[in-house]
Amino acid sequence: MPTMGDPRFFRSLIYVCVHNANGALGLIINKKMNSLSFSEILEQLEITNVASTQNKTQDVYFGGPVETARGFILHSAEYNSADTLVVDNEIAMTASLEIIKELAAGTGPSNSLVALGYAGWGAGQLDNEIQENAWLSADPDLDLIFNESVDIKWDKALEKVGVSAALLSTEAGHA
């Protein structure tokens, strides 16, 4: 929401992977990192088995301000390994070197989003922020997550819940 005071989350679209009594973890899915490419990650990790140019040019996203050197792959759920967190029937998240190697080789999940860092909340923190109108929530949408242009994801998410960005107020309240 426009009232969000933290500039790291300005116009952020976050896919929440875990939300329970212990806290929440999500990945920002609409902030592409221009300073780092997937190809450069492969070079740093000395992964040379690259199947196609597409795999080499995959975008890398700023997943959030926590553990920004750690990689997370949000992906379609047909891929599953011992390191995979299955979010639901369609989406999973894996944070391992193996999935990066498989993405490079073209044998990984059919849809994926590579992110560095994550957004995290302590117990009850995200619930409180939602009650304070800091966040607007929407049901997940595979096209929005994996296929839409990064430049329009936030607006498309708002449209999905019937909200126009032009009509969002910087004033918060409760009805």
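In this predicted model, helix H6 spans residues 153-160, and its buried residues are Lys-153, Trp-154, Ala-157 and Leu-158. Around the helix axis these four cover an arc of only 140°, which puts them on the same side of H6. The cover over this buried side is drawn from several elements, including strand S3 (60-62), strand S7 (112-121) and helix H5 (142-146). Just after H6 comes Gly-162, where the backbone takes a positive phi of about 80°.

Helix H3, residues 97-105, can be read in a similar way. Here Ile-99, Ile-100, Leu-103 and Ala-104 are buried. Viewed down the axis of H3, these buried residues fall within an arc of 140°, so they line one face of the helix. A glycine with positive phi follows here too: Gly-106, just after H3, has a phi of about 80°.

Attention now turns to the aromatic rings. A search of the whole structure finds three aromatic pairs. One of them joins Phe-9 and Trp-135 in an edge-to-face arrangement, with 5.7 Å from centre to centre and 80° between the planes. This pair links distant parts of the chain, as its members are 126 residues apart. Phe-9 belongs to the segment before strand S1 (14-20), while Trp-135 lies in the loop between helix H4 (125-131) and H5. Are these two residues buried or exposed? Phe-9 has a relative accessible area of 12%, and because the cut-off for burial is under 20%, Phe-9 is buried. Trp-135, at 15% relative accessibility, also counts as buried.

A further pair brings together Phe-72 and Tyr-118. The ring centres of Phe-72 and Tyr-118 are 5.5 Å apart and their planes stand at 75°, so this pair is edge-to-face. It, too, links distant parts of the chain: Phe-72 sits in strand S4 (residues 66-76) and Tyr-118 in strand S7, with their positions 46 residues apart. Strand S7 is also among the elements that cover the buried residues of H6. Both partners count as buried, Phe-72 at 3% relative accessibility and Tyr-118 at 14%.

Finally, the aromatic residues can be viewed as a group. Which residues form one aromatic cluster? The cluster is made up of Phe-9, Trp-121 and Trp-135, and thus takes in both members of the edge-to-face pair of Phe-9 and Trp-135.

Terms used:
Residues numbered from 1 in each chain as written. Predicted model: local features only at pLDDT ≥ 70, side-chain atom pairs only at ≥ 80, totals over all residues. Heavy atoms only, no water. Buried < 20%, exposed > 50% of the residue type's maximum accessible area, 1.4 Å probe, protein only. Helix = DSSP H or I, 4+ residues; strand = E, 2+ residues; numbered from the N terminus. Arc of directions from axis to C-beta. Contact = heavy atoms within 4.5 Å. Phe/Tyr/Trp six-rings, centres within 6.5 Å; stacked < 30°, edge-to-face > 60°.
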